Amino acid sequence: MKKLYGTALAACAAALVAGMSLNANAQAEATDDPEQVVRDLYTAFEEGDMAAIETLIAPDATWTYYGPPSALPFGGVRRGPEGVGDFFAKVAETLDNPVAGQTRFLVDGDTVIVPGFEESTVKKTGIRYRADNVHIFKVRDGKIVQFEEFIDSGKVLLAFQGDDSVAVGKSAAAAVATPARAEGKIDKSVGKALFTTCVGCHGDDGQGRAMMYAPNLTGLDSVYITRQLENFRQGRRGKIEDAHGFPMVGRATAIGDAENLAAVVRYIGALPDAPAAKVAQRTAPAGLAGQLATCATCHGQNGEGNAQMGGPAINTLDSDYIALQLANFRSGIRGYDENDGQGQLMAAAAAAIPSDDDVVRIAEHYGR
Amino acid sequence: MPNNARWSRRHLLKAGAIASVPLATGIGGCSIFSKPTAGSKAAALQAKIGGTVVVKSDAAYEAWRKAMIWQLAKADRKPDMIVQATSTADVQEAVRYAAKNGMKATTRCGGHSMAACFLRDTGMLIDIGHLDGVEVDKATKTAKVGPGVFSRGLSERLLEDGLAFPGAHCGTVPISGYLLGGGVGLNANEWTHGLSVFGVKGIDIVTPDGEMRHASETENPDLFWAARGGGPGLFGVVTQFHLQCFDAPGVIWGDTYVLPYTALSAVTDFMRDTVPTLDRSVEVLYAVAAIPDKSKDLPAEERFQIFLDVNAFAKDEAEGRRKVAAITNHPVTSLAVDAIRDRAGSYDRYYSDNEAGFPQAHWMGDSIWVDDPTEAMRIIGEALPDCPAPRAAPLVLYTGEQDQPDAAASRYAPYYIACYFEWDEEADEAPSRAFSRELFKKLKPIARGSYINEMDQEGRPEDVPDCYSPEAWARLAQLRKQWDPTGVFHDFYGQA
């Protein structure tokens, strides 16, 4: 995953705005391949390579960020390298520690589509938001002639307006972006290194693999992830009867000391969020209103999680996984240790679900 | 055996799993780390790939280096660069970079090689664990599978289409290195001539020139020959396997018997005389394991037990019962002090049970192939009481008389014997390794070679060629010269 908009980028933007002469002597070999052009642009941003940026953007290129310019200073349509420079100048003026990543590069003729995410702190409100986005580039003759950023600008707007319901990093651990990201460099952190062992079961981006019975880890509160890893390490979760939890005992222990643990949790916290189930649009299963109200107390109305209550998001988990965990809580395979307070609470709540059928219905209500 | 009767099912499961532990380890290949200092060549590679380049001067290098090895015994070798690829294009760029800069490459995927043979003191280690695609064609019963897919995940995915493939016995071993080294796989006796790699019908491989090539019996057949068994000595990075799959069993029907150590020769005789008469779909193995918390001062018969594990890949219960009848009625099973009988198992259950015996601990292992397990088990049984490793598990698996296709995987005999050693304290490591080396030096003269994936390459590198027939070893060298004339890829561990 690559980071965009780092400090180097801000410097580059400032230089562009100031109309600094951008000579081309540092330019890499030119290419006409649209994907390579786009990749080169991201690289140039990371490295603050102004000369490269100038050569990659066509003089009449349009650069569009969909959002109201009146409220979001970098919103609207801009033109040419100078417009791009102005865009990043506005970013630098209004946002702290902007971090961005690209998850894929999809190519269709001269069009390159790049899904990714952006995470930044709004200077005037101090709110750090995180929004998924899609960048669509059009490339002609080795130059970008059109850029569009589709982002959840409603979320960005709320962050600008001081609405902290969109704030990420409800926990201290998540609030600290990895230093590598903050510098706009390639993440080579200890956390990413340690995550190497996680990908086989939890997926390359931590989004879970049903075929390994391994849940999505993204979008979870960092305090919750830390607690579960500690539970596995301390014997409070993953006893041998927990067929799919037991393997985590060794893995969690092998992470090493507390510093390593924090590093891997930080890395997971920075991964792009998995899509959540649209729970709000679902009809609640009949006859379970009381049960669902209990769930909502800790997991939120739509399963989005409640960090203060220690309840993780469950709307980004597979229904099968939720059902399995509920069954584990009901049978004493999870939530069995008196030092796992939240787990014991959950075991009591799960025990109150009338039947196994209802377990499945609840799981399907909240799950992916 | 006063304590045996008190063994709970939980203990049985745990110890049984220890017995049937890590039959197949995976070795990916290499991983590379580069350091993108501004203006450095590594930075140029980093700019071209979606993955991560780490070099020795990076602050987190040591964490990366250690993370490449799955287990806790971390070989003290330091590649110049580690490249964690996130796409096949990344792999191609990395190989081109290595070629251009005179770096020798190796590959890792899950890092399960107990010898960590992918970790070298120079060059580039390419981590391909992120290449995780699975594409199943139900009609032709084939699948295209990325190297990073775990054996357990593959079995679950294939089951959705009613199919199966002989994966590793340990579910968290990815298919990559496991298959390339041959693959002592689940039900390979019935399905794939005793080794899983014979279920591989094609590969996509990045060759030393950075090109992506397909290899099969008809396309680049010499490359295909090398990939089917060349393992950690393969001169390329396999980024996808084309697998022939099989109809999934309706049930994995089986029993597990716990036998006293005094029954060792009886169990070995049973393995030699009776097991070959069973249907090929009945997989039988036994392992010897120490009873937890027994003093080393006690006589061997009070310290060890034998776990005999039987699994029949069957359509249904009736077929399963029929297939294992010759075992359930055999006198050796009447010696059992405890047992799980009539187990209606599944891949999920098998892999869950096996997890318990394969904790992420400090490990090493070694192996041999033999025509007859009698003499080997006599030697092992004699040595075992003096083993310094706190946990040691010799294992015997019958994989069947086979008529195998011509491939680099050229060492084989119907009985696979491995010994796994596990320790916690650093002080136990060196004596454990020395014990293993000495033991396998004794076993070598009666063996028909070793299995490269579970061979102690660090302890007896001089015997690595013995994982291949002399003809196959020579041909691998000749093909390496032909495909990799400048040596972009490292040779086998410990070889000049």
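This report walks through a predicted model of two chains, A and B, starting with confidence and ending with the contact between the chains.

## How confident is the model?

As a whole, the model scores ipTM 0.90 and pTM 0.77. Taken chain by chain, the mean pLDDT is 91 for chain B, where 92% of the residues reach 70 or more. For chain A the mean is 84, and 86% of the residues reach 70 or more.

Some stretches deserve care when you look at the structure. They are listed here with the contacts that the model has for them beyond four places in sequence.

| Stretch with pLDDT under 50 | Contacts beyond four places in sequence |
|---|---|
| Chain B, residues 1–39 | 168 contacts |
| Chain A, residues 1–28 | 79 contacts |
| Chain A, residues 170–184 | 50 contacts |

## The domains of chain B

The domain assignment splits chain B into domain 1 (4–22 + 251–464), domain 2 (41–127) and domain 3 (134–247). Domain 1 is thus written as two segments of the chain, 4–22 and 251–464. Please keep in mind that pLDDT stays under 50 over residues 1–39 of chain B, a range to bear in mind when reading the 4–22 segment of domain 1.

How far apart are the C-alpha centres of domain 1 and domain 2 of chain B? They lie 34 Å apart. The two domains do touch: eleven residues of domain 1 of chain B are in contact with seven residues of domain 2 of chain B. On the domain 1 side, strand β16 (residues 362–370) of chain B gives the most, with four residues. By class, that side of domain 1 of chain B has three nonpolar, four polar and four charged residues.

## A seven-stranded sheet in chain B

Strand β16 of chain B also belongs to an open sheet of seven strands. Their order is β15-β12-β14-β13-β17-β18-β16 (chain B), and the pairing is antiparallel. At the edges are β15 (338–345) and β16 of chain B, each of which pairs on one side only. From one strand to the next, the twist averages 15°.

The partner of β16(B) is strand β18 (residues 415–423) of chain B, and nine bridges join the two in the antiparallel sense. If you want a residue pair to find on screen, look for B:Ile368, which stands opposite B:Ile417 in β18(B).

Which helix lies across β12, β13, β14 and β15 of chain B? It is α11 (residues 317–328) of chain B, which runs at about 25° to β12(B).

## A five-stranded sheet in chain B

Chain B has another open sheet, made of five strands in the order β5-β6-β10-β8-β9 (chain B), again with antiparallel pairing. Here the edge strands are β5 (134–137) and β9 (212–216) of chain B, and each pairs on one side only. The twist averages 15° from one strand to the next.

Within this sheet, β6 (residues 142–145) and β10 (residues 237–244) of chain B run antiparallel and are joined by four bridges. B:Lys144 stands opposite B:His242 in β10(B).

Two helices can be placed against these strands. Helix α4 (residues 88–100) of chain B packs on the sheet and touches β8 (200–206), β9 and β10 of chain B. The direction of α4(B) makes about 135° with that of β10(B). Helix α5 of chain B lies across β5 and β6 of chain B, at about 35° to β5(B).

## A helix pair in chain A

In chain A, helices α14 (residues 319–331) and α15 (residues 341–351) pack at an angle of about 95°, with their axes 8 Å apart. Angles of 65 to 115 degrees count as roughly perpendicular, so α14(A) and α15(A) are roughly perpendicular to each other.

Which residues of α14(A) meet α15(A)? They are A:Leu326, A:Phe329 and A:Arg330, and they meet A:Met346, A:Ala347, A:Ala350 and A:Ala351 in α15(A). This contact has six nonpolar residues, no polar ones and one charged.

## Where the chains meet

Between the chains, 35 residues of chain B are in contact with 24 residues of chain A. On the chain B side, the elements that give two or more residues are α1 (9–19), α2 (41–48), β1 (52–55), α3 (61–67), α5 (151–159) and α12 (347–355). The most comes from α5(B), with four residues, and α5(B) is also the helix that lies across β5 and β6 of chain B. By class, the side of chain B that touches chain A has 15 nonpolar, eleven polar and nine charged residues.

Definitions and conventions:
Residues numbered from 1 in each chain as written. Chains lettered and ligands numbered in written order. Predicted model: local features only at pLDDT ≥ 70, side-chain atom pairs only at ≥ 80, totals over all residues. Nonpolar A, V, L, I, M, F, W, Y, C, P; charged D, E, K, R; others polar. pLDDT = per-residue confidence, 0-100. Pairing = 2+ DSSP bridges. Axes fitted to C-alpha atoms, helices over the stretch in contact; angles between N-to-C directions. Domains from an automatic or database assignment. Parallel < 35°, antiparallel > 145°, perpendicular 65-115°, else oblique.
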